Structures are given as structure tokens and as C-alpha cells.
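This report looks at internal space and ring contacts in one protein. The model is shown below.

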Amino acid sequence: MRDLPSVLPKYMKALLKSLAFIILYISIYFAAQVAVTVIYSAMIITHMIITGQSIDWTSVYDVILVNTTTAVLISILLTLPIYFIIPKIQKQNFFDVFKFKKTGISILGLSLILGTSLNRFISHAFSYLERLTPLENVMQEHQETIGRIMEGNFVIVFITVGIMAPIIEEIIFRGLVLNELKKVVPACPAIILQAIIFGIYHMNPLQGVYASLLGIVLGIAAEKTGSIWTPILIHISFNSISTLLSKMPVDIPESYFPSSEHFAFVSSIVFTALSFALILRLSSRHRDITSE
């Protein structure tokens, strides 16, 4: 306790430094998305003026929404090299900082299963929640917005949402942000904090809730396996299944299989729990072998 007055200023300085870097890391990607979207919007409006079309702001917004993934993909391609440069500026190796380390094939396969089953679990959980709480309008608006975004070119949507967004988000949140937090707090609170930041980043209450839940799973996976490939694959499979399902035209009536939804929900819980437990178990065994 006697050392507290001398230690506290140093800790606060380290904390503020880490928070400043976290804001910087997130702002780079966010600013790129805003800038690209503004430029793209200006191009759409300019095209409408040149061609003599009347500017209907509802239609402009709709066009921008459908082409959101194109703007996001451009911003990813613009900012990804910056995140490669950051470790070099700090005189560190990119692959060591972000833990692009080899991990077992079994863990990688289980990561894909975990991402898919976790996606289905969260989807079913929110479906049940919608019936139990007065959130129908909020969820409907969210689904309509996501639906319009998914109506863009399938190849671009899949590459952006299913592959590139998970990669850059893992580099930012389970790489840079988690590393900064671990400098000032233990691993457990660091994982929780980065998950909360990940949820807030999505700037949507509904997305924020399940993004935070996903962020905790991804944070634990990154920490326990010691490789960023694990959360990247979990995230890719999580996003990809949503992208693929959004393009499926089949709409089976709810009454077709009365108990199918309950079975799917329970199955998603079982597969999520088993795959996550196996990843942790295999990671522990892998660390024991490498430490011998």
C-alpha cells in the first residue's frame, strides 16, 4: 500500500497510452469506411445530377445500402497495409505481433464448426428472445437493413462479409486491441473489455450484443490457442454461414416441422459447447507437448 502513490501514476500513464493506441487502431479502419462511403455517395449523387435524374434521397440511401459491401471492401484493401506497417514502426515482426502461428488441423476444423454452430445458436436465441420481449420492431428493422446489404453482388458480399471483414477485424480486435489491453490488465478482463469494445464498434444495439458474445469466444480462442488463425476461422465461418443463408430462396413454413426449431437450437448449443471444449482441450495438449 505504501508504494501505491508512486505506482499509480505509472499505471495510469500506461493505461492512457494503451487506450490512445486502441482508439487510433480502430479509428484508422472506421475513418476509411466513412471516407469511402462519402466519396461513393457523392459519386452516386453526381451521376444522378449529370443524367438529369431527380434526387430521391430514399433511393440514394437504398443504392448506398446495397453497395455497402463494396465500400467496406475498398476500405479494407486501403487500411490492411497500414496494419502491416504498424508493427514495423514499433520495430516488431507483423506475424509475431498478431500471432500468425501454426496450429493443428483438428483445431482449424473445429474452429469452422464452432463458428457455424455459434451463428445458429445466436440466431435461434434471438428468435426466441423476439417472441418473449417487445423487440419485434427493432429486430425487424435490423433484419431489413442486413437484408438490403446482402442484396449486393454475391461474390463481393461473400468476399467482404465472409472473408475479408473477419480477417481485418481479428487483426484489429484480437490482435492490436487485445495486446494493448493485456499490457495494463490481466488476460481475463482484457478479453471481456475487447469484446465490449468490439460490440460497441458495430454501433447497433442488436449487433452489439451478439458481437460482444462472439468477441468473448474469439478472445478466449486467440488467447488459449496462441494463434490468430483460430479466431479468424471461427469468425469467417460465423459470417459466411449468414451470407450463404441470406441467398437461400427456400422458405420452409414454421409448421412444417413443429419441433425442428427446438431441435436445431439444442443442436447448436451442443455443437458450440463440444467444439469449443475440444479446441481448448487440444490447445492445452499442444502447449504441453511444445513445452516438453
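Helix 7 supplies five residues to the lining of the largest cavity, the most of any contributor. The model is predicted.

**The cavity**

The whole structure was searched for cavities of 30 Å³ or more, and one was found. Its space comes to about 70 Å³. Two elements give two or more residues to the lining: helix 7 (154-182) and helix 9 (205-225). The lining residues are Phe98, Lys99, Arg174, Gly175, Leu178, Asn179, Lys182, Ala222, Glu223, Ser227 and Ile228. By class, four are nonpolar, three are polar and four are charged.

Two of these names lead on to the aromatic contacts. Arg174 is one of the lining residues. Arg174 also lies over the face of Phe198, 4.4 Å from the ring centre. Phe98 is another member of the lining, and Phe98 belongs to a ring cluster as well.

**Ring pairs**

How many aromatic pairs does a search of the whole structure find? The total is 13. A pair of aromatic rings is described by the distance of the centres and the angle of the planes. Two of the pairs are set out here.

| Pair | Centre distance | Plane angle | Class |
|---|---|---|---|
| Phe94 and Phe98 | 4.6 Å | 55° | tilted |
| Phe121 and Phe265 | 5.8 Å | 5° | stacked |

Why is the pair of Phe94 and Phe98 tilted? Their planes stand at 55°, and tilted covers angles that are neither under 30 degrees nor over 60. The planes of Phe121 and Phe265 are at 5°, so that pair is stacked. The cut-off for stacked is under 30 degrees.

The stacked pair links distant parts of the chain. Phe121 sits in helix 5 (residues 105-132) and Phe265 in helix 11 (residues 260-291), 144 residues apart.

**Burial of the rings**

Are Phe94 and Phe98 buried or exposed? Phe94 has 6% relative accessibility, so it counts as buried. Phe98 is buried too, with a relative accessible area of 2%. In the stacked pair, Phe265 is buried at 18%, whereas Phe121 is partly exposed at 23%. The cut-off for buried is under 20% relative accessible area, and the values of Phe265 and Phe121 fall on either side of it.

**The cluster**

Which residues do ring pairs link into a cluster? They are Phe84, Phe94, Phe95, Phe98, Phe100 and Trp229. Phe98 thus appears in three settings: the tilted pair, the cluster and the cavity lining.

Conventions:
Residues numbered from 1 in each chain as written. Predicted model: local features only at pLDDT ≥ 70, side-chain atom pairs only at ≥ 80, totals over all residues. Heavy atoms only, no water. Phe/Tyr/Trp six-rings, centres within 6.5 Å; stacked < 30°, edge-to-face > 60°. Buried < 20%, exposed > 50% of the residue type's maximum accessible area, 1.4 Å probe, protein only. Helix = DSSP H or I, 4+ residues; strand = E, 2+ residues; numbered from the N terminus. Lys NZ or Arg CZ within 6 Å of the ring centre and 35° of its normal. 1 Å grid on protein atoms, 1.4 Å probe; cavity = no way out; pocket = protein on both sides within 12 Å on 5 of 7 lines; lining within 4 Å. Points joined across faces, edges and corners; volume = space filled by probe spheres on them. Nonpolar A, V, L, I, M, F, W, Y, C, P; charged D, E, K, R; others polar.
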